Amino acid sequence: MNYRMILYILGWILNFEGVFLLPSCAVGLIYQEKAGFSLLAVAALCLVLGLVSVYKKPDRTQIYAREGFVIVALSWFVLSIFGALPFRISGYIPSMVDAVFETASGFTTTGASILPNVEALPNCLLFWRSFTHWIGGMGVLVFVIAVLPLAGGSNIYLMRAESPGPSVKKLVPKVKKTAFTLYMLYVIITVIETVFLLAGGMPLFDALTTTFGTAGTGGFGIKNDSIAGYSTYIQVVVTVFMILFGVNFNLYYLIYKKKLKEIRYCTEVFAYLGIIAVSILLVTLNIRGMYVHAGTALKDAAFQVGSIITTTGFATTDFNLWPTFSKTILVVLMFVGACAGSTGGGVKVSRVLILMKTVTKELDNIIHPNNVKKIKVEGKQLEHAVLRSTNVFIMAYLFVFVSSLLLISLDNFDFTTNFTAVAATLNNIGPGLAGVGPTSNFSGFSNFSKMILTFDMIAGRLELFPVLILFSWRTWRK
Amino acid sequence: MKIIIVGCGKVGETLAAVLSQEGNDITIIDKRETAVDNLCNQYDIMGYVGNGASYSVQLEADIKHTDLMIAVTGSDELNLLCCLISKMAGNCHTIARVRNPEYGNEMSYIKEELGLAMVINQELTAASEISRVLKFPSAIEIDTFAKGRAELLRFRIPDNSILHDMTLSDLHSKLKCNVLVCTVERQGQAIIPKGDYTLMAGDVISVVAAARDEIAFFRKIGIPANQVKSVMIVGGGDIAFYLAKILLSVGIQVKIVERRLERCEELSELLSKATIIRGDGSSRQLLEEEGIGQTEGFVALTDFDEENVFLSLYAKKRGVRKVVTKVNRLVFDEVIENLDLDTVIYPRDLTAEYILQYVRAMKNSIGSNVETLHRIIDNKAEALEFLIRDNFRGRDIPLQELPIKPDVLVACINHKGQIILPRGRDVMRQGDTVIIITAKKGLNDINDILL
C-alpha cells in the first residue's frame with residue numbers, strides 16, 4: 001500500500017475542496033451574511049492542510065487498483081466531513097452527525113435532508129449545499145485527474161473506481177483528456193440549463209442552485225416545497241434536463257464528435273427513455289382522477305418519474321398521496337436508476353439490461369439444453385468479466401441493503417419509511433415514501449441510523465466496491 | 001500525435017509504453033481480450049478487442065483522425081493488410097512488421113508499391129546489431145551515425161589500462177587520438193562527464209569516434225580490436241539465419257546448434273558455408289564436443305530467455321572471448337545487468353528505437369528532423385542525430401558561445417562527410433548533421449538543446 005501517495009492525493013482533494021468553497025464565500029459577501037466567515041475559515045483550513053500534504057511529491061507514484069479504490073473511498077469521506085464544517089461552525093446545523101449527513105447527501109447527489117425548514121438557511125450555505133451536488137455529480141477524482149499532472153496509466157484505477165457503470169471506458173486514449181472532455185460536456189450542459197431557467201424569469205441565485213441540483217441529479221431545493229412553487233415552464237425545463245443528465249455522457253461525446261451513426265448502439269439510452277415513457281404513461285392514467293386537467297397530471301407524472309429514475313429527488317407534488325400503483329412504480333424506478341456513465345445513481349439501466357438478458361439466456365438453456373448463445377450489449381459481445389461483476393454487484397447491493405434496513409429498523413418506524421429511506425439513500429435519490437416522503441425529511445432518525453444512511457449514500461454513489469474495500473480488513477493486511 | 005498499434009506482443013507493448021510516455025495518444029487493437037486489458041491497466045492508452053485488419057474495427061478506433069498506424073502482429077500478411085486498409089481508410093502513415101525471410105529480398109518493392117512509410121524486420125535489425133559487436137568484440141554496444149561514418153562505442157575500461165586515472169582533458173594530448181567520451185557509468189550511475197572528470201578502471205564509457213579512427217584508439221589503450229574468427233550460435237531461428245548470413249559474408253566461421261531436424265535441413269540448404277549441428281544446445285556434452293572451449297564468439301538465440309542467460313554464463317566461464325545473449329521478455333534488467341554477461345540484445349527495444357526515430361521525425365516535419373535515434377546505456381540516455389536547417393537558431397555560432405542546456409552534449413559534427421569531434425571554436429553549419437547525447441528524453445527538435 002502506497003500510503004504517501006494516498007496522502008498526497010487526499011491533500012489535493014482538500015485543496016480542491018478549499019477552492020470549491022470560495023464561490024460560496026463570494027455569495028456570502030454579496031448577501032452580507034455572517035455564515036460566509038465560517039465558509040471562509042473552512043476553506044482556509046482545507047487549503048492549509050492540503051498544501052502541507054502536497055508540499056512534497058512522493059518518490060514512488062505508482063498506485064494499483066487497491067490504492068485507487070481506497071483513495072476514492074477515503075476522498076469521499078474526507079470531502080463530506082470537511083464540507084460539513086461550515087454548517088456546524090455557523091450553527092445552522094448544530095449536530096455534527098446531521099451536518100455530515102447533509103453534506104454527504106450533497107456530494108453523493110442524494111438530496112436527502114435533515115433540515116425541516118430549508119428557507120431558514122442563509123444564501124451562502126444554500127449555495128454551498130447545492131454546489132456540492134454539482135461537484136459530486138461528475139466526481140471529484142475525475143476533476144483531479146483532469147487538472148493534476150499525475151503520471152502514468154494508473155489513473156484509470158481512480159477514474160474506474162469513481163465513475164458509475166458496469167464497465168468504464170475511456171473516450172480518448174489519455175485518461176486526463178477523457179476526464180477533461182467529460183467535465184467540458186458537463187459544464188456546457190449546465191450553462192445551457194441555467195440560460196433556459198433565466199429565460200423563464202427565475203432569479204439568478206435560484207437558477208444556479210436549481211441547475212446544480214439538476215446537473216448532479218442531486219435534488220436539494222432552496223425552497224421548502226422544492227420546485228412546486230415555480231412556473232410550469234420552469235418545471236418542464238427541469239424535467240427535461242433531469243432526464244438529459246441521466247443519459248450516458250458517451251452519447252453527448254458521440255454527438256459532439258458527430259458520430260451519429262454510432263448512436264444506434266447506445267441501447268441503454270433507448271431502454272432508459274423507453275422506461276421513462278411507459279412509466280409516465282402509466283402514472284398519468286393512474287393519477288388522472290386527482291387532477292382537473294389531463295395536462296397537469298401529465299406534467300406532474302413526468303416530473304416525478306424523471307426525478308426518481310434519474311435519482312434527482314426534486315418534487316412538484318406530494319406523491320405520498322398518489323395511488324399505490326403509482327407509488328410502486330416510483331419505488332421500482334428508484335432501483336433501476338439512470339444510465340451508466342451519467343451523473344445519476346441507482347443500479348443503472350445497463351445492469352438491469354444485462355441481468356434481463358442473462359435470465360433470458362438461462363431460460364433458453366433450459367428449453368434447448370445444447371443451445372449456444374452469446375449475450376450482446378450495445379452491439380458488442382458481453383465480456384464475461386462484466387457479467388460476473390454485475391452479478392456480484394447485485395449480490396453486494398442486496399447485502400448492504402438488507403443490513404442497512406435491519407439496522408435502521410431499530411428506530412421503530414413503519415416498514416415503508418424504513419424501506420424507502422434505505423432505497424432513497426443507497427440509490428442517491430433523496431425523498432422516499434411515508435415518513436421520508438417529499439414533504440417530510442430524515443431528521444426523525446437517530447444518530448446511529450443517520451450514520452448508517454450516510455454510509456449508504458457514499459457506498460451507493462461509489463457503487464459499493466470502493467467503500468467495501470476501504471472497510472475490508474483484507475485490504476490493510478500486510 | 002494519434003497512433004494506432006495493432007498487436008499487443010512484446011514489441012507492441014514496448015511501443016505502447018514508450019510512445020504513450022512521450023505524450024502520444026495510443027490506441028491498441030488485439031484479438032486477445034486479456035492482452036488488451038492488461039496493457040490498458042498498465043499504461044495510459046485505449047484498447048479495442050478485434051481484428052486490426054477489419055475496416056469496422058479501424059473505424060471504431062478512429063482511423064480517420066489517426067496519424068500513424070503500426071502493425072506488429074505475429075503475421076506478416078495481417079500486418080500488411082492492416083496497413084493497406086488504414087492507408088485507404090484514414091490516409092495515415094503506416095509501419096508494418098515483415099519478418100519472414102521469404103520476403104527479405106522484396107522488402108523495398110513491398111514498401112514502395114504498398115505505400116508504407118517503413119517496414120521493420122526485428123530479426124534482421126537484431127542480427128546486424130549482433131554482427132557489429134562480433135566484428136568489434138571489445139565493445140558492449142555499437143551504434144552508428146552519419147551513414148556509418150561515426151560510431152558510438154560502449155565498453156568497459158579494463159584493469160591496468162592507461163585510461164585508468166586519466167582526466168578527460170588530458171585524453172587528447174596523451175593519446176593523440178580523435179575520440180570524445182560521451183557518457184560514463186560508474187556504480188549504476190550514468191553521467192555526461194565534464195573535462196575535469198577522471199576515468200577509472202571498471203567504468204563503462206561510451207565514446208564517439210570516426211569509424212576509421214577507432215582501431216587506432218583501441219590499440220593505444222591496449223584493447224584488442226580484431227574481429228572474432230569463429231562463432232557458435234545456439235538456436236536456429238530467423239535471427240540466427242540473418243546473423244549467419246552477415247558473418248559468413250565477412251569471412252567468420254559459423255556453427256549453428258539447432259534442435260529441430262527440419263529447421264537444420266532448411267538452414268543447411270540456405271547457408272551452405274555454415275556448419276549446422278542438430279542437437280540440444282543446452283546439453284553440456286554437446287557444447288564441449290562442438291568446441292565451446294575453442295570458439296571465439298558465442299551467441300545464445302534460443303526462444304527461452306532463461307536458457308540464453310545460462311548458456312551465456314557457461315560460455316563465459318569456459319573462456320569464450322565474446323558472448324552475446326538475446327533476451328526477449330525478461331523485464332528484470334537490473335538483475336541481468338549485474339550478471340557477468342558481455343552484450344545483451346533486446347530485439348523489442350531495437351525495434352522500438354527505429355519506430356521512435358520515425359515518430360519524432362514525423363512530429364516535427366518543419367524543423368530539424370531526427371535522422372537517427374539510439375537509446376543508449378539501458379535506455380537511460382538518448383543519442384540523436386539531427387540535420388541542421390536554416391531555422392536552427394544556433395547555426396554558425398561557435399559552440400563555446402551557445403547557451404546549451406546542461407545534460408546535453410554535442411558529440412559530433414558531420415560536415416560534408418568529414419567527422420569533427422567539436423571543440424569550443426567549432427560551429428554547426430546548415431546541411432551538417434550533428435550527434436546530440438542527452439539524458440533528457442523526448443527531444444524532437446535541435447532548437448530544444450538551447451536554453
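**How we know: two chains, term by term**

Mentor: Chain A's secondary structure comes to 20 helices and two strands. Helices here are DSSP runs of H or I with at least four residues, strands are E runs of at least two, and both are numbered from the N terminus. Keep in mind that this is a predicted model, where local features need pLDDT of at least 70, side-chain atom pairs count only at pLDDT 80 or more, and totals for chains, interfaces and linings use all residues. As for labels, residues are numbered from 1 along each chain as its sequence is written, while chains are lettered from A and ligands numbered from 1 in the order in which they are written.

Trainee: What makes chain A as compact as a globular protein of its length?

Mentor: Set its radius of gyration against the globule rule. The radius is taken over C-alpha atoms, and the rule is 2.2 Å times the number of residues to the power 0.38. For 478 residues the rule gives 23 Å and chain A has 22 Å, which is close, so the label fits. The C-alpha atoms fill a box of roughly 65 × 55 × 50 Å along the principal axes.

Trainee: How much of chain A is buried, and what does "buried" take?

Mentor: A residue is buried if 20 or more other C-beta atoms lie within 10 Å of its own, exposed if 12 or fewer, and partly exposed in between, with C-beta atoms placed from the backbone. On that count, 52% of the 478 residues in chain A are buried.

Trainee: And what about chain B, with which helices and strands?

Mentor: Chain B has 14 helices and 22 strands. Its radius of gyration is 23 Å, close to the 22 Å from the globule rule for 451 residues, so chain B also earns the "compact as a globular protein" label. Of those 451 residues, 45% count as buried.

Trainee: What makes a set of residues a nonpolar core?

Mentor: The members must be buried Ala, Val, Leu, Ile, Met, Phe, Trp, Tyr or Cys, joined through C-beta atoms within 7 Å. The largest such core has 133 residues, and those with the most contacts inside it include V208(B), A411(B) and C412(B). Helix 9 (residues 238-249) of chain B gives the most to this core, with seven residues. A second, separate core of 131 residues includes M5(A), V42(A), L197(A) and I429(A).

Trainee: Which residues is C412(B) in contact with?

Mentor: Contact means that two C-beta atoms, placed from the backbone, lie within 7 Å. Leaving aside neighbours within four places in sequence, the partners of C412(B) include F145(B), A150(B), V208(B) and L421(B).

Trainee: How do you know that helix 12 of chain B has the span it should?

Mentor: The expected span is 1.5 Å times one less than the number of residues. Helix 12 (residues 305-317) has 13 residues, which should span 18 Å, and its end C-alpha atoms are 18 Å apart, so the two agree. Its buried residues are N308(B), V309(B), L311(B), S312(B) and A315(B). Strand 12 (230-234), strand 15 (297-300) and strand 16 (322-326) of chain B are among what covers them. After the helix comes G319(B), with a positive phi near 85°.

Trainee: Where do the domains of chain B lie?

Mentor: An automatic or database domain assignment sets the bounds: domain 1 (2-120), domain 2 (127-220), domain 3 (230-345) and domain 4 (359-449). Contact between domains 2 and 4 of chain B takes 18 residues from domain 2 and 20 from domain 4.
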